[in-house]
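Hello,

Here is the structure I promised to send over, with my notes below it. Have a look at it first, and then see whether you read it the way I do.

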Amino acid sequence: MDALLACENLFEAVAEVVSAKLARDVSDTRLPRAALRAMFLETLQGDERVGADVAAILERDPAAMTHLQCVAYFKGFHAIQAQRCAHAYWRRGGFENDHVSFALQDRVNELFAVDAHPGATIGGGCFMDHATNVVIGETAEIGRDCTILHGVTLGGAGRARAKRHPTVGDRVTIGAGATIIGPITVGDDATVAAQAVVSVDVPPGATVVETNRFLYPSDHHVLKERDPGLWQYDPTLHAQGDRPKRGDCKWPYDDDAPPKPSLPEGI
């Protein structure tokens, strides 16, 4: 902590913390601490996205209390900065730079359970909450001010060496366990609900639930006004009326569907 507090600016602090976490004491020749620190400082120095990420955490996470806490202890923040460093080396190309970027990806996956390919791009103001079991593919693009919960997959479709992963717009929220597949576009201000599976384009401002099922803000007969105090998707805000009895539950768009059979008493 003394070394962290002695840092003169945010970029030095990030380089100090993330290099310490990623360094391998047992195999120091692979990811030596001093080299890692220099790499992070060189690639992140002056990048406004770093400060935007810290501000996003403090704005959206009630558990975040100080800037120091975010920089020192939030592994989602650490994983994003490491991916940005890896991305810088990935863009430079060449055998050595490629292997530096892959070594960083491998260590971040091992340490934080975040598998983000160095080819992906992540905009500023990204808040990766809990940051466990997150997968971000090579050609994925994430816009500004996005929120990504744990268990999210931005996966590819097809085997061609081409664009095959999602493009996520600005201010998008992706709920826990959501899977977004293929070279599709998730529009600005959209919400992907927890456990949703998405393989088609999502219009701006829409909420997608289940498998490619959309709820639009203009559908006032379906949606209630969203609580401004909540940034995350809450399915109880989108249901009208009292909760139906078990066995009778259906979404509002299912009016034409045949009635589901009622379960026997006691089940």
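**A buried aspartate and the packing around helix 6**

Let me start with D53, which sits in helix 4, the stretch spanning residues 48-60. Please keep in mind that this is a predicted model. D53 has a relative accessibility of 0%, so it counts as buried, the cut-off being under 20%. Which residues is D53 in contact with, once its neighbours within four places in sequence are left aside? They are F77, I80, Q81 and R84, together with G123, G124, G125 and C126.

Next come the helix pairs. Helix 6 (residues 75-92) and helix 7 (residues 95-112) have axes that come within 7 Å and cross at roughly 165°. Since angles over 145 degrees count that way, helix 6 is roughly antiparallel to helix 7. The crossing of helix 6 past helix 7 is left-handed. On the helix 6 side, the contact is made by K75, H78, A79, A82, C85, A86, Y89, W90 and R92; facing them in helix 7 are N97, D98, V100, S101, F102, L104, V108 and F112. By type, the residues of this contact between helix 6 and helix 7 come to 11 nonpolar, 3 polar and 3 charged.

You may like the aromatic detail here. The count comes to 1 aromatic pair. The ring centres of W90 and F102 are 5.7 Å apart and the planes stand at 70°, so the pair is edge-to-face. Because W90 belongs to helix 6 and F102 to helix 7, the pair ties together parts that are 12 residues apart in sequence. Are these two residues buried or exposed? W90 counts as partly exposed because its relative accessibility is 23%, and F102, with a relative accessible area of 32%, is partly exposed as well.

Helix 6 also packs with helix 3 (residues 33-44), at an angle of about 80° and with the axes 9 Å apart. That angle makes helix 3 roughly perpendicular to helix 6. Here M39, F40, E42, T43 and L44 from helix 3 meet Q81, A82, R84, C85, A88, Y89 and R92 from helix 6. The residues of this contact divide into 7 nonpolar, 2 polar and 3 charged.

One link to follow on screen: Q81 and R84 are among the residues of helix 6 that meet helix 3, and D53 is in contact with both of them.

I look forward to hearing what you think.

Best wishes

How values were computed:
Residues are numbered from 1 along each chain as its sequence is written. This is a predicted model: local features need pLDDT of at least 70, side-chain atom pairs count only at pLDDT 80 or more; totals for chains, interfaces and linings use all residues. Side-chain values use heavy atoms; hydrogens and water are left out. Helices (H or I, at least four residues) and strands (E, at least two) are DSSP runs, numbered from the N terminus. Buried means under 20% relative accessible area, exposed over 50%, partly exposed in between (1.4 Å probe, protein chains only). Contact means heavy atoms within 4.5 Å. Axes are lines fitted to C-alpha atoms, for helices over the stretch in contact, and angles run from 0 to 180 degrees between N-to-C directions. Angles under 35 degrees count as roughly parallel, over 145 as roughly antiparallel, 65 to 115 as roughly perpendicular and the rest as oblique. A crossing is left-handed if the near helix is turned anticlockwise from the far one by less than a right angle, and right-handed if clockwise. Ala, Val, Leu, Ile, Met, Phe, Trp, Tyr, Cys and Pro count as nonpolar, Asp, Glu, Lys and Arg as charged, and the others, Gly among them, as polar. Rings of Phe, Tyr and Trp (its six-membered ring) pair if their centres lie within 6.5 Å; planes under 30 degrees apart count as stacked, over 60 as edge-to-face and the rest as tilted.
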